[in-house]
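Me: I'd like to go through this structure with you, one question at a time. Could you take me from the overall make-up to the core and the strand pairing?

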Amino acid sequence: MKNIILKIVSAAFLGMLTGCATIMGQSAAETLNVRSAPDQANVVITDESGIKVFEGKTPTSLPLEKKRGFFRGKKYSVNIKKEGHAEQTIIVDTKVNGWYIGGNLVFGGLLGYLIIDPATGAMWTLDTNEINLTLATSAHNSHNGKSIDQGITVMFVDQVPVHLRGKMQLIN
């Protein structure tokens, strides 16, 4: 009986020395899948410091680091563009992993909360690991040798040049 109690206490103690998110989740990096229609669009991914971490074409799959520092997650800007289509930028941020919160609480992983999961990056997960975009076709017309975008621009009245304000109409 004494041997069984010793094993249970030992197992509980060892459980407290681990980080639950480290055991249950991915540690340093997580895979991001990027697809576009049409494919073969240019993809440039930069981190929050403006450092380019990836350049390639869609479709692609790549690992992204989740940890920026101790208790700090990474943030990425994913820029996708293709000739004849509107350029799009998506922000991929990190959020706290559920295993970090719940797993360490349930299994008593104080070291997991304070040291192991923050140090390994396992406390973080990407807020999305899948980007699927349909790139809009850009409508450009030529006027006096210049390309003019025919999109809609929304602005406040005080931003409209004075000479154009008389041509504005109220739409209900």
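**Core and strands**

Me: Happy to start broad: how many helices and strands are there in the protein?
Reply: Bear in mind that this is a predicted model. Of the 172 residues in the protein, 27% are buried. As for secondary structure, the count comes to five helices and 12 strands.

Me: What share of the contacts with a separation of 6 or more is between residues 24 or more positions apart?
Reply: Contact here means heavy atoms within 4.5 Å. Taking the contacts in the protein with a separation of 6 or more, those between residues 24 or more positions apart account for 67%.

Me: Which strand gives the largest share of the largest nonpolar core?
Reply: That core has 17 residues, and Leu 32, Ile 45, Val 78, Ile 80, Val 92 and Ile 131 have the most contacts inside it. At least two core residues come from each of β1 (29–37), β2 (42–47), β4 (60–65), β7 (75–81), β8 (88–96) and β10 (130–134). The largest share is three residues, and the strand supplying them is β7.

Me: Nice. Which residues does Val 78 touch, leaving out those up to four places away in sequence?
Reply: Val 78 is one of the residues with the most contacts inside the core. With residues up to four places away in sequence set aside, the ones Val 78 touches are Leu 32, Val 43, Val 44, Ile 45, Gln 88, Thr 89, Ile 90, Val 92 and Ile 131.

Me: Now the hairpin of β2 and β3: what is the phi of Gly 50 in the turn?
Reply: β2 pairs with β3 (residues 52–57) in the antiparallel sense, over five bridges. Within this pairing, Thr 46 stands opposite Lys 52. Four residues lie between the two strands of the hairpin, and Gly 50 in the turn has a positive phi of about 85°.

Me: Which are the edge strands of the open sheet with mixed pairing?
Reply: This open sheet has three strands in the order β4-β1-β10. Its neighbouring strands are turned by 25° against each other on average, direction ignored. The strands that pair on one side only are the edges, β4 and β10.

Me: And in β10, what is the bridge partner of Arg 35?
Reply: β1 and β10 pair in the parallel sense over five bridges. Arg 35 has its bridge partner in β10, namely Asn 132.

Me: Finally, how much of the exposed area do carbon and sulfur atoms supply?
Reply: The protein exposes about 11500 Å². Of this area, carbon and sulfur atoms supply 60%.

Terms used. Residues numbered from 1 in each chain as written. Predicted model: local features only at pLDDT ≥ 70, side-chain atom pairs only at ≥ 80, totals over all residues. Heavy atoms only, no water. Core = buried A, V, L, I, M, F, W, Y, C linked by side-chain atoms within 4.5 Å. Buried < 20%, exposed > 50% of the residue type's maximum accessible area, 1.4 Å probe, protein only. Areas by Shrake-Rupley, 256 points an atom, 1.4 Å probe, with all protein chains shown as cover. Pairing = 2+ DSSP bridges. Axes fitted to C-alpha atoms, helices over the stretch in contact; angles between N-to-C directions.
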